[in-house]
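Subject: Structure for you to look at

Dear colleague,

Here is the structure I promised to pass on, with the sequence alongside. Please open it first and keep it in view while you read my notes.

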Amino acid sequence: MNKLQPMFSVSTTILSCKHATGYTNSNPTRLVVETTRPVSHICQHSTLSLTMATVTTSSRRPYHVVIFGASGFTGQFVVEEVAKAISEGPEGNLKWAVAGRSRRKLENVLNHVANTLDTPELKCAVEVIVADVRQPESLAIMCKQAVIVLNCVGPFLEAIQLVFDRKARENSVYVIGSCGFDSLPADMGILYTKEKFKGTLTAVESFLTVSTGPEGGCGHDATWQSAIFGFADAARLRSLRKQFKHKPLPELGAKIKKRGALFFCKEIGQYAVPFMGSDPSVVRRTQRYLCEEEEQQCPVQYCAYAGVGGVCSVLKLLFSGFFFWLLVKFSLGRHLLIKCPAFFSWGLFSKAGPTQKQMEGTSFRMTFYGEGYTKGRDPSQGMPDGRITTEIRGAEPGYVVTPVVMVQAAMTFLNELQSLPERGGVFTPGAAFARTSLIQRLQRHGLKFTATNQQGAP
């Protein structure tokens with residue numbers, strides 16, 4: 001039996017906060033949202049009515065939010081973030097619970113969060129639900145109790161769109177992927193840049209840089225494993241994407257030129273490489289949706305890059321990258337990579353994950369360089385004459401920003417249901433939240449969106 005099937009049997013809406021790249025892993029970044037709607041609205045595929053704007057609980061479905069996988073490494077930070085956001089729920093009160101395989105571990109997380117936030121009432125006020133992905137019936141029972149399920153377990157499969165989009169539409173289910181650091185900031189950043197540009201935006205390059213403090217930085221083993229299985233499944237992923245049989249999107253203006261595999265970027269003052277995460281794929285899916293479903297005539301071309309530092313960092317990258325590429329092709333090699341993450345990543349990943357001091361000293365900056373046609377110019381004539389630069393800045397991306405954007409996506413869904421797409425389906429963040437106040441919510445929670453420069457516009 002497919003693990004996702006029980007979720008769709010109870011009229012579920014799903015928002016995922018990590019892009020799925022054709023593999024299953026334990027990286028906790030899927031956000032599942034389940035809504036209760038009147039039967040008349042489930043059967044209709046018209047514009048969402050105002051009666052659906054307020055999400056309420058009931059004796060049958062008592063929780064606004066259930067965090068599934070709450071005892072995982074990222075799950076515990078999601079629990080803390082939800083506890084901070086109780087007053088942002090419908091009518092200023094969020095009813096929530098935690099779920100996972102081990103009641104003892106879940107209770108330990110609640111105790112830890114209660115002590116951290118000095119809220120002892122969490123220890124007894126938050127319900128614990130036992131649910132296991134190996135027992136589909138337990139997942140169905142869990143989902144039936146929630147308006148929203150923040151799934152910190154997985155699976156993270158790009159095949160979800162291919163397999164479940166039609167079924168999600170038929171059942172008024174919203175499956176919104178990539179709502180963590182991969183790739184909500186990039187996706188919403190493109191929409192923000194497009195909004196700020198005075199004219200028609202046609203192409204954007206983004207550059208991600210991460211800064212660490214005296215303690216350095218580190219990622220958790222689950223993220224490392226995601227990269228291992230993602231690279232191992234690259235060929236299957238390419239085959240999967242061909243099954244969508246998408247037509248090429250229209251391109252206005254100059255075709256964006258992809259940069260090399262390694263280059264020095266003057267804009268950020270360091271060497272850079274193509275971003276290996278999901279941002280480009282997610283942004284392309286959003287632009288396709290806006291073009292085909294929302295009838296926006298100019299999809300934005302997009303390339304994403306990440307800064308890697310100076311010469312020493314480049315040498316480390318080349319050395320570790322060569323062995324990673326060599327070992328990831330074979331099962332024995334993957335076993336070694338999984339067993340010794342700190343060794344093969346030069347300490348960038350570990351089984352223990354980052355310390356609190358490391359997270360406090362880490363921050364990110366994502367800079368977007370866009371071009372297009374200024375107001376009054378015909379995008380089909382001549383070369384682009386306008387430029388814009390925007391930025392998103394925030395705290396440590398993996399375990400501080402991811403819970404923030406995940407929870408704020410859920411709060412947006414709970415409070416602004418009327419602003420989501422008219423019908424269910426599998427969506428990216430940009431496709432789902434384009435007409436909501438999600439960016440403003442993120443601004444209030446520590447992410448800074450700014451337009452720093454525009455040239456050529458009147």
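What follows is a short account of what was found, from the whole chain down to individual side chains.

Please keep in mind throughout that this is a predicted model. The secondary structure of the chain comes to 18 helices and 17 strands, and of its 458 residues 54% are buried. If one takes the contacts between residues at least 6 apart in sequence, 81% of them join residues at least 24 apart. The accessible surface amounts to about 20,600 Å², and carbon and sulfur atoms account for 54% of that area.

As for the interior, the largest nonpolar core has 72 residues, and those with the most contacts inside it are V65, I67, V79, W96, V98, L150 and F433. Helix α16, which covers residues 397-415, gives this core its largest share, namely 10 residues. There is also a second, separate core of 12 residues, with A97, I129, A131 and C143 among them.

Helix α11 may be worth some of your time. The helix runs over residues 279-292, and its 14 residues, at 1.5 Å a residue, should span 20 Å, which agrees with the 20 Å between its end C-alpha atoms. Helix α11 is mostly covered, since 11 of its 14 residues are buried, including P280, V282, V283, Y289 and L290. These buried residues pack against elements from several parts of the chain, namely the helices α8 (184-196), α10 (234-242) and α17 (429-433) and the strands β12 (301-309), β14 (363-374) and β16 (425-427).

The same helix holds a salt bridge between R288 and E292, whose closest N and O atoms are 2.9 Å apart, and the two residues lie 4 apart in α11, about one turn of the helix. R288 counts as buried because its relative accessibility is 13%, under the 20% cut-off, whereas E292, with a relative accessible area of 44%, is partly exposed.

Turning to charged pairs more widely, side chains of opposite charge can pair when their charged atoms come close. The count for this model comes to 15 salt bridges. One of them joins the side chains of R134 and D132 at 3.0 Å, N to O; here R134 is exposed, with a relative accessible area of 62%, while D132 is buried at 9%. Another is formed by R387 and E371, with the closest N and O atoms 3.8 Å apart. R387 lies in strand β15 (residues 386-395) and E371 in strand β14, so this pair ties together parts that are 16 residues apart in sequence. R387 itself is partly exposed, at 37% relative accessible area. In addition, E205, R259 and E267 are linked in a network of salt bridges.

On the outside, F319, F322, F323, W325, L326 and W346 make a nonpolar surface patch of about 640 Å². Of these residues, W325 is found in helix α12 (residues 311-327), and its relative accessibility of 48% makes it partly exposed.

Finally, E422 lies in the loop between α16 and β16, where it is partly exposed, with a relative accessible area of 41%. E422 and A432 are 10 residues apart in sequence, and their C-alpha atoms are 9.8 Å apart in space.

With best wishes

Terms used. Residues numbered from 1 in each chain as written. Predicted model: local features only at pLDDT ≥ 70, side-chain atom pairs only at ≥ 80, totals over all residues. Heavy atoms only, no water. Patch = residues over 30% accessible without salt bridge, like charges linked within 9 Å, V, L, I, M, F, W, Y side chains within 5 Å. Areas by Shrake-Rupley, 256 points an atom, 1.4 Å probe, with all protein chains shown as cover. Salt bridge = Lys/Arg side-chain N within 4 Å of Asp/Glu carboxyl O. Buried < 20%, exposed > 50% of the residue type's maximum accessible area, 1.4 Å probe, protein only. Expected span 1.5 Å × (residues − 1). Contact = heavy atoms within 4.5 Å. Core = buried A, V, L, I, M, F, W, Y, C linked by side-chain atoms within 4.5 Å.
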